[in-house]
Amino acid sequence: MKNILVIGSTGQIGSELTVELRKRYGGSHVVAGYIPGAEPTGELKEGGPAAIVDVTDRRSMEDVVRKYEIDTVYNLAALLSVVAEKRPAMAWKIGIDGLWNVLEMAREHHCAVFTPSSIGSFGESTPHVKTPQDTIQRPRTMYGITKVTTELLSDYYFIKYGVDTRAVRFPGIISNVTLPGGGTTDYAVEIYYAAVKGEKFACPVKAGTYMDMMYMPDALNAAISLMEADATRLKHRNAFNIASMSFDPEEIYQVIKKHVPDFVMEYDVDPLKQAIADSWPDCLDDSCAREEWDWKPQYDLESMTQDMLEKLRQKLNR
Ligand code: AKB
């Protein structure tokens, strides 16, 4: 990776991935791609070049790739699960028509491409506990359908054209920098904000709903380590199961309550979020990622909670 383009650099993952890549590769080597209306600000704006990159407009993307001699693309353009269910045509246009443009551009300009998949690529008929790397993927959400298609199309471009495509299946990502928007796992971020602000939290999924989650530093490390991994060790490519923690609302509530004893959570179940969450695995088996590129997360629920509360108290002046 010499010159990197991050598409979707102002989103939840992109805003931190761009900064982390710049730390490792140098600011001038990492271009923050954004769409009008979501311009970079602060550290993201000051730390290196930025350019308008819309995955639905291949020419604009190619201009940036040529100008900055890009050899690696992190393609983070996508709608999250709940929004995708409400805007399925848009989810397809960005997630799949956009991916097609990215892969065609990568084929012509010899770029490596990371386009994340998700725990949302699984469905009701998938084994839900210790979900294997290679198993049934028959999701019934538009988000899941675009993620399975992403995996297949990325593999296709590798097998047919030799494009160096790699990906992980992200769980719910928890961070204290940029809020997620429109995901099923968003509650696991919002709960920390409520606890720090001293507000009561209304949880949108029931007790007993287990999903894989991950702290942002581990998620960033996964994306970068996989793109740096020795290609000869990779038996899989699109996309690796990764995991670090799985919990239900009661477990995260109890861990937060140890640090914020007055914190109160109640339930106000959102039927759409609940149905999506019920169709997703409880916890993934990530042994292939561990074997093929030495994946190893650093954070568990307790250490993440301590760090989240400390950082949010600083951020929100509490
Ligand atoms: C979502 O909830 O939609 C995402 C995901 C798990 O892919 N966070």
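1. A definition to start with: two strands pair if DSSP finds at least two bridges between them. Please keep in mind that this is a predicted model. With that in hand, strand S9 (residues 168-170) and S13 run parallel and are joined by two bridges. For Val-168, the bridge partner in S13 is Phe-240.

2. Stepping back to the whole sheet, you will find three strands in the order S6-S9-S13, in an open arrangement with parallel pairing. Strand S6 (117-118) and strand S13 (240-241) each have a single partner strand, so they stand at the edges and one side of each has no neighbour in the sheet.

3. Helix H1 is a nice one to look at next. Its 12 residues (14-25) reach 16 Å from the first C-alpha to the last, close to the 16 Å expected at 1.5 Å a residue. Just after H1 comes Gly-26, which has a positive phi, near 100°.

4. How many residues of H1 are buried? The count is 10 of its 12, so the helix is mostly covered, taking buried as under 20% relative accessible area. Among them are Gly-14, Leu-17, Val-19, Leu-21 and Tyr-25, together with charged-type names such as Glu-16, Glu-20 and Arg-22. The cover over these buried residues includes strands S1 (4-7), S2 (30-34) and S4 (72-75), along with helices H2 (42-46) and H8 (216-228).

5. Finally, do have a look at Arg-166, in strand S8 (residues 165-166). Arg-166 has a relative accessible area of 4%, so this residue is buried. Its side chain makes a polar contact with the side chain of Asp-164, at 2.8 Å. Beyond its neighbours within four places in sequence, Arg-166 is in contact with residues including Val-113, Phe-114, Leu-226, Glu-228 and Arg-237.

Note on methods: Residues numbered from 1 in each chain as written. Predicted model: local features only at pLDDT ≥ 70, side-chain atom pairs only at ≥ 80, totals over all residues. Heavy atoms only, no water. Helix = DSSP H or I, 4+ residues; strand = E, 2+ residues; numbered from the N terminus. Expected span 1.5 Å × (residues − 1). Buried < 20%, exposed > 50% of the residue type's maximum accessible area, 1.4 Å probe, protein only. Contact = heavy atoms within 4.5 Å. Polar contact = N/O pair within 3.5 Å; in protein donor to acceptor, adjacent residues only side chain to side chain.
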